[in-house]
Amino acid sequence: MRTVLLSDHPADLLEQARNRASTRQQQRAMALYESEFRRHRAELRKAEEARDQARARRHWRAWLRHVLAVWRARRRAPSPPELIAVPAEEESRLAAGIAGERQVADELGRALGDDWVLMRGYRNRFGEIDHLLFGPGGLVAIEVKNINGTVHCDGD
């Protein structure tokens, strides 16, 4: 069986979903980091002002205490966010659909001979068909759903 890829629409949708999720995650993480960093800078400025005032007044013990406070405040600076991509429900659903389509194409390739042609990802303005199968038996349109479940069949 020969396979022709017309479009990879599900993979495009998955990439778009991942980009949307990572952008939202990154924006939230950066907003939190910036807030913590502003708070840290204000705390550090306060400690530096106290240190400088103690030095100007020549209160050396207080100055030493404030030098250590500045040093501790600098060490407590927040670190920039590290993003870990967590697949969203939409991403999981799309990835399962892509896996299902590939599995169907592989199984059809093993079962059918060279006189069959499988066209993957046919799209027009009305929608998409996952697979079009052309061969001696005619034309078959296949829509793939990759859902966990149990199928029971009574009779034919």
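**A walk through a sheet and two helices**

Visitor: In which sense do β1 and strand β2 pair, and over how many bridges?

Guide: β1 and strand β2, residues 117-124, run parallel and are joined by four bridges. Keep in mind that you are looking at a predicted model.

Visitor: What makes β1 and β2 count as a pair?

Guide: Two strands pair if there are at least two bridges between them. β1 and β2 have four, so they meet that condition. You can look for some of the partners yourself: Thr-3 has Leu-118 of β2 as its bridge partner, and Leu-5 stands opposite Arg-120 in β2.

Visitor: What holds paired strands together in general?

Guide: Strands of a sheet pair through backbone hydrogen bonds, in either a parallel or an antiparallel way.

Visitor: Why is the pairing in this sheet called mixed?

Guide: The open sheet has four strands in the order β1-β2-β3-β4, with mixed pairing. Go through the neighbours in turn. β1 and β2 are parallel. β2 and strand β3, residues 127-135, are antiparallel over seven bridges. β3 and β4 are antiparallel too, with five bridges. Both senses appear, and that is the mixture.

Visitor: What makes β1 and β4 edge strands?

Guide: Each of them, β1 (2-5) and β4 (138-142), pairs on one side only. From one strand to the next, the twist averages 25°.

Visitor: What joins β2 to β3, and what joins β3 to β4?

Guide: A hairpin makes the link from β2 to β3, through two residues. Another hairpin takes the chain from β3 to β4, also through two residues. At the β2-β3 pairing, find Asn-124 opposite Gly-127 in β3. For β4, Gly-135 has Gly-138 as its bridge partner, and Phe-134 has Leu-139.

Visitor: Now the helices. How do you know that the span of α2 agrees with what its residue number predicts?

Guide: Helix α2 covers residues 60-75, which is 16 residues, and at 1.5 Å a residue it should span 22 Å. Its end C-alpha atoms are 23 Å apart, so the two values agree. Helix α3, residues 89-111, gets the same check: its 23 residues should span 33 Å, and its ends are 33 Å apart.

Visitor: Which residues of α2 are buried, and what shows where they lie around the helix?

Guide: Ala-62, Val-70 and Ala-73 are buried in α2. Seen down the helix axis, the buried residues fall within an arc of 80°, so they line one face. On the other side of α2, Arg-61, Arg-65 and Arg-75 are exposed. In α3 the buried residues include Leu-94, Ile-98 and Ala-105.

Visitor: Why is Trp-60 called neither buried nor exposed?

Guide: Buried means under 20% relative accessible area and exposed means over 50%. Trp-60 is at 47%, between those limits, so it counts as partly exposed. The reasoning is repeated for Trp-63 at 29% and for Leu-64 at 46%: both are partly exposed.

Visitor: What makes Trp-60 and Trp-63 an edge-to-face aromatic pair?

Guide: Rings pair if their centres lie within 6.5 Å, and planes over 60 degrees apart count as edge-to-face. By this rule there are two aromatic pairs. For Trp-60 and Trp-63 the ring centres are 6.0 Å apart and the planes stand at 80°, so both conditions are met. These residues are three apart in helix α2, which means that about one helical turn separates them.

Visitor: Where is Leu-64, and how far is it from Thr-23?

Guide: Leu-64 is in helix α2. Leu-64 and Thr-23 are 41 residues apart in sequence and 45 Å apart in space, from C-alpha to C-alpha.

Visitor: How do you know which elements the predictor was most and least confident about?

Guide: Compare the mean pLDDT values: α2 has the highest, 94, and β1 the lowest, 78. The protein chain averages 85, and 95% of the residues score at least 70. Where pLDDT is low, the predicted coordinates should not be read in detail.

Key. Residues are numbered from 1 along each chain as its sequence is written. This is a predicted model: local features need pLDDT of at least 70, side-chain atom pairs count only at pLDDT 80 or more; totals for chains, interfaces and linings use all residues. Side-chain values use heavy atoms; hydrogens and water are left out. The expected span of a helix is 1.5 Å times one less than its number of residues. Buried means under 20% relative accessible area, exposed over 50%, partly exposed in between (1.4 Å probe, protein chains only). The arc is that of the directions from the helix axis to the C-beta atoms. Axes are lines fitted to C-alpha atoms, for helices over the stretch in contact, and angles run from 0 to 180 degrees between N-to-C directions. Rings of Phe, Tyr and Trp (its six-membered ring) pair if their centres lie within 6.5 Å; planes under 30 degrees apart count as stacked, over 60 as edge-to-face and the rest as tilted. pLDDT is the predictor's confidence in each residue, from 0 to 100.
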